[in-house]
Amino acid sequence: MRACIVTISDRVSRDEAEDRSGPAAAGRLQAAGFTVESSVVPDGVESVQNELRRLLESAPALIVTSGGTGFGPRDLTPEATAPLLERPAPGLAEAIRAVTFG
């Protein structure tokens, strides 16, 4: 199965910061048997939606996003993602947060 990880960060996309979340997620997904494709895009609705649409064309088993969820004016990953969802799974997001930050 193929999984895609999208790191959303202005700083990482400009090579001003290291992406630690994407490789961490990739390692866990690979350990679970996924082949992983990773990408980085800047914050913002358009950049996130464009990348998600690109990935959806190839029908991966899973798409994981990381970043872009703060309270800055460009941190809009949830808002960018919501219109593209066919079936929201809020419990899954909460479970991921519990493992990550718990």
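Here, a residue is called buried when its relative accessible area is under 20%, exposed when it is over 50%, and partly exposed in between. With that in hand, here's a walk through this predicted model.

**The loop between α1 and α2**

Let's start with Asp15, which sits in the loop between α1 and α2. At 72% relative accessibility it clears the 50% cut-off, so Asp15 counts as exposed. Its backbone is worth a look too: Asp15 isn't a glycine, yet its phi is positive, at about 60 degrees.

Glu18 belongs to this loop as well, which runs between α1 (10–13) and α2 (21–31). Its relative accessibility is 65%, so Glu18 also counts as exposed. If you want a long-range ruler, take Glu18 and Arg97: they are 79 residues apart along the chain, and 21 Å separates their C-alpha atoms.

There's a second non-glycine with positive phi, Ala59, where the angle is about 50 degrees. Ala59 is in the loop between α3 and β3, and with a relative accessible area of 61% it is exposed.

**Salt bridges**

Side chains of opposite charge can pair when their charged atoms come close. Using a cut-off of 4 Å between a side-chain nitrogen of Lys or Arg and a carboxyl oxygen of Asp or Glu, the model has five salt bridges. Among them are these:

| Acid | Base | Closest N and O atoms |
|---|---|---|
| Glu37 | Arg2 | 2.9 Å |
| Glu16 | Arg14 | 3.1 Å |
| Glu51 | Arg54 | 2.8 Å |

What does the salt bridge between Glu37 and Arg2 tie together? Glu37 lies in strand β2 (residues 35–41) and Arg2 in strand β1 (residues 2–8), so the pair links parts that are 35 residues apart in sequence. Both ends are partly exposed: Glu37 has a relative accessible area of 28%, and Arg2 has 23%.

Arg14 and Glu16 make another salt bridge. Arg14 is partly exposed, with a relative accessible area of 48%, and Glu16 counts as partly exposed at 46%.

The Glu51 and Arg54 pair stays inside one helix, α3 (residues 45–56), where the two are three residues apart and therefore separated by about one helical turn. In general, an α-helix has 3.6 residues a turn, so residues three or four places apart point the same way. The burial of the two partners is another matter: Glu51 counts as buried at 10% relative accessibility, while Arg54 is partly exposed, with a relative accessible area of 40%. Salt bridges with shared partners join Arg2, Glu37, Glu51 and Arg54 into one network.

**Helix α3**

α3 has 12 residues, and the reach from its first C-alpha to its last is 16 Å, close to the 16 Å expected at 1.5 Å a residue. Which residues of α3 are buried? They are Ser47, Val48, Gln49, Glu51, Leu52 and Leu55. As for what they touch, the buried residues of α3 pack against β1, β2, β3 (62–67) and α4 (77–81).

**Pockets**

Rolling a probe the size of a water molecule over the atoms shows where empty space is left. The largest pocket comes out at a volume of about 1,800 Å³. It is lined by 36 residues, and those closest to its centre are Ile63, Val64, Thr65, Ala93 and Ile96. Two or more lining residues come from each of α2, α3, β3, α4 and α5 (90–101). Which element gives the most to this lining? That would be α5, with eight residues. By residue class, the lining of the largest pocket splits into 23 nonpolar, eight polar and five charged.

The second largest pocket has a volume of about 230 Å³. Its lining takes us back to the loop where we started, since Glu18 is one of the residues there, along with others including Thr7, Arg11, Asp19 and Ser66. β1, α1 and β3 are the elements that give two or more residues to this lining. The class split for the second largest pocket is three nonpolar, five polar and four charged.

Definitions and conventions. Residues are numbered from 1 along each chain as its sequence is written. This is a predicted model: local features need pLDDT of at least 70, side-chain atom pairs count only at pLDDT 80 or more; totals for chains, interfaces and linings use all residues. Side-chain values use heavy atoms; hydrogens and water are left out. Helices (H or I, at least four residues) and strands (E, at least two) are DSSP runs, numbered from the N terminus. Buried means under 20% relative accessible area, exposed over 50%, partly exposed in between (1.4 Å probe, protein chains only). The expected span of a helix is 1.5 Å times one less than its number of residues. Contact means heavy atoms within 4.5 Å. On a 1 Å grid over the protein atoms alone, a cavity is a set of points where a 1.4 Å probe fits but cannot get out, and a pocket is an open set with protein on both sides within 12 Å along at least five of seven lines; lining residues have an atom within 4 Å of a point. Grid points are joined across faces, edges and corners, and a volume is the space filled by probe spheres set on the points. Ala, Val, Leu, Ile, Met, Phe, Trp, Tyr, Cys and Pro count as nonpolar, Asp, Glu, Lys and Arg as charged, and the others, Gly among them, as polar.
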